[in-house]
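Reader: Please take one strand of this model and follow its pairing closely. Then work outward to the parts around the rest of the chain. Keep the cut-offs explicit.

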Amino acid sequence: MPDTMVAPSTSAETTTFDAIVIGAGIGGIYQLYRLRELGLSVRVFETGGGVGGTWYWNRYPGARFDSESYTYGYAFSKDLLKEWNWSEHFAPQPETEQYLNHVVDRFDLRRDIQCHSRVASAAWDEAARMWDVVLDDGRAYRCRFLITAVGPLSADTLPRFEGIGDFRGQSFHTYRWPHEAIDFAGKRVAVIGTGATGVQVIQTIAPLVGSLTVFQRTANWCTPLHNKRITEEEQAKIKAGYPAMFELLRQTPGCYIHNTDPRGTFEVSPEEREAFWERLYAEPGFSIWMANFRDVLTDLKANALFSEFVARKIRERVKDPTVAERLIPKGHGFGTRRVPQETGYYEVYNLPHVRLVDTRETPIVRVTETGIECSDGVREFDIIIYATGFDAVLGSFDRIDVRGVGGLTLKEHWADGPKTYLGLMSAGFPNLLTIVGPHNASTRCNIPRCIEQNVDWASDLIRYAEEHGIRRFESTQEAEADWSRHVEELAAGMLYTQVDSWLTGINTNVEGRNVRRVLQYQGGAPQYRERCDAVAAAGYEGMVLG
Ligand code: N01
């Protein structure tokens, strides 16, 4: 442990802390590290049985990065960067879970992380200027600073199908994947959902199962990941290039190594355009989404032309033209929903034991004891996999009863859409910081990069409060209203706002999530960082400190 980290020691009996962090994922782990550096006593509460958050829970077959591994790891420690070797350009889940455990042990963080501990409520005590935090088993704690690091995709949701509990075979939501290996050999398997998760599961289990039926409600524009192992030579190059790479990541809108092409789609000849798109289709990772022509995500005509390019690829790869047409999205353009990255996904549908059911043509009626009943009859299964996503961004907050000044709940405060200052605070909720909260650049980002920014900013604020004897900080209502308006305005011209998906807060499985919301800051990570830094430099403008 570095000698700068002189944290007070706490024991299992301690119940009052300087800070409590909710969640031991990428954000919570780093937040603990930074608060320890400040010499504060900290307890991290984690629902899961281990650390890693997303990378602890999502252990379904095929779970892996679609950001380049070396751009994803923590950047705060040069030694950590030097000693950790990623094995693949896009690392699989077990490796990431192992990495996060390595970080926790390397920096001696585990002793302040309490697993199997779900925070049920947090209430602000104005007189004491403390948060009262209660776990779902009734254990109670207090702290001066409360930091949520609950993740944007951690409130998993199941469809509201009749009979869902009656099924007698095995069934799992991908987020709740069991730790034991699942034997797929000879099994009749159903997968419901074709988002980034469904795609990874489907392409991975297709060769292992007896038969596979994919239930797709909305097709997505999937593009090739082109993953490879990292050679020794590449490893050396990656490590030598870290300083330049992290500098580049600070400058791109989503902190990826891919940057938007400054040209417009119609500014180049058709031949040049086609060649450029062919090159993007052959490149690894998100370059096809992030490094495309500047207008592909904002101009309907440009977007339609590129969507047609991807549609052609799908038609080339899927042999049965009817199936190919089902797999081509009809209601939204490329990149207006999260782009799943695939490896042989479309070819799965050429296999004789794989069937695609379009649930808009053939709706699911109910789950039975032995399978799934659709409008055209019952299909029998041994295993049902629900790759049905999350109550994104807001759901993990809603699942905690957070009460601020005068008992106002965060859920009520955000009932008509989130209201935040910098995506990090809300008026009426003093000393509460929301890492990766709504209206934050991080939900549209190579997430650890934005997490580090969020955590650094929050830690600097807490340091400032400690140094200046400030016991209470809170966003003003005006600053919150201005920021929330600014976030709405930034998103206004973007095509994704006209489409239903988790990015716009739509989830048909959750009551009330049927109104599109602006959940992310769309101005880009560099601009977001500048705004946050300017607020700090101005003595935390827009906040009441006392
Ligand atoms: O969730 P999703 P996900 N009946 O919401 C369908 C990240 N991620 O877990 O589109 C029938 O995208 C639903 O249909 P529809 C990434 O940011 C990262 O796949 O709503 N179908 C959809 O097809 C990603 O975007 C990696 O019509 C139902 C699917 O279920 C985010 O996580 C890997 C249904 C849900 O798709 C979420 O992805 C994986 C119903 N009642 C995920 N309810 C990396 O590589 C839902 N669906 C890092």
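Author: Ala123 stands opposite Arg403 in β17. That places us on β4 (residues 119-125), a strand in the DSSP sense: a run of E of at least two residues, while helices are runs of H or I of at least four, all numbered from the N terminus. The model is predicted, so local features need pLDDT of at least 70 and side-chain atom pairs count only at pLDDT 80 or more, while totals for chains, interfaces and linings use all residues. Residues are numbered from 1 along each chain as its sequence is written, and side-chain values use heavy atoms, with hydrogens and water left out.

β4 and β17 (residues 401-403) pair in the parallel sense, over three bridges. Two strands count as paired if DSSP finds at least two bridges between them. β4 also pairs with β5 (residues 130-135), here in the antiparallel sense and over six bridges. Val119 faces Leu135 across that pairing. Trp124 stands opposite Trp131. The two strands make a hairpin with four residues between them. In its turn, Arg129 has a positive phi of about 55 degrees.

Follow Trp131 onward. Its bridge partner in β6 is Cys143. β5 and β6 (residues 140-148) run antiparallel, joined by four bridges. They too form a hairpin, with four residues between the strands. Gly138 sits in that turn, with a positive phi of about 95 degrees. In a regular strand the side chains alternate between the two faces of the sheet.

Now step back from β4. His116 is found in the loop between β3 and β4. Its phi is near 50 degrees, positive in a residue other than glycine. His116 is exposed, at a relative accessible area of 61%. Here buried means under 20% relative accessible area, exposed over 50%, and partly exposed in between, with a 1.4 Å probe and protein chains only. Leu422 makes a useful contrast. Leu422 is not a glycine, yet its phi is positive, at about 60 degrees. It lies in the loop between α15 (410-413) and β18 (432-434). Leu422 is buried, with a relative accessible area of 1%.

Next, α5 (residues 93-106). This helix has 14 residues and reaches 20 Å from first C-alpha to last, close to the 20 Å expected at 1.5 Å a residue. The expected span is 1.5 Å times one less than the number of residues. Its buried residues include Tyr99, Leu100, Val103 and Val104. The buried residues of α5 pack against α1 (26-37), α2 (54-57), α4 (78-83) and β3 (113-114). Contact means heavy atoms within 4.5 Å. Just after α5, Asp108 takes a positive phi of about 55 degrees.

α1 has a further partner to consider: α16 (residues 447-467). Their axes come within 9 Å and cross at roughly 35 degrees. Axes are lines fitted to C-alpha atoms, for helices over the stretch in contact, and angles run from 0 to 180 degrees between N-to-C directions. The crossing is right-handed: the near helix is turned clockwise from the far one by less than a right angle, whereas anticlockwise would make it left-handed. Tyr30 and Arg34 are among the α1 residues in this contact, and Ile451 and Val455 are among those of α16. By class, the contact holds eight nonpolar, three polar and five charged residues. Nonpolar covers Ala, Val, Leu, Ile, Met, Phe, Trp, Tyr, Cys and Pro; charged covers Asp, Glu, Lys and Arg; the others, Gly among them, are polar.

Two open sheets remain. One has five strands in the order β7-β16-β8-β9-β12, with parallel pairing. β7 (170-173) and β12 (354-358) are its edges, each with a single partner strand, so one side of each has no neighbour in the sheet. The twist averages 15 degrees from one strand to the next. Inside the sheet, four bridges join β8 (residues 188-192) to β16 (residues 383-386). Val189 has Ile383 as its bridge partner there. Helix α6 (residues 196-205) packs on the sheet and touches β8, β9 (211-216) and β16; its direction makes about 160 degrees with that of β8.

The other has three strands, ordered β13-β14-β15, with antiparallel pairing. β13 (364-367) and β15 (377-380) are the edge strands. Neighbouring strands are turned by 25 degrees against each other on average, direction ignored. β13 and β14 (residues 371-374) share three bridges. Arg366 has Glu373 as its partner.
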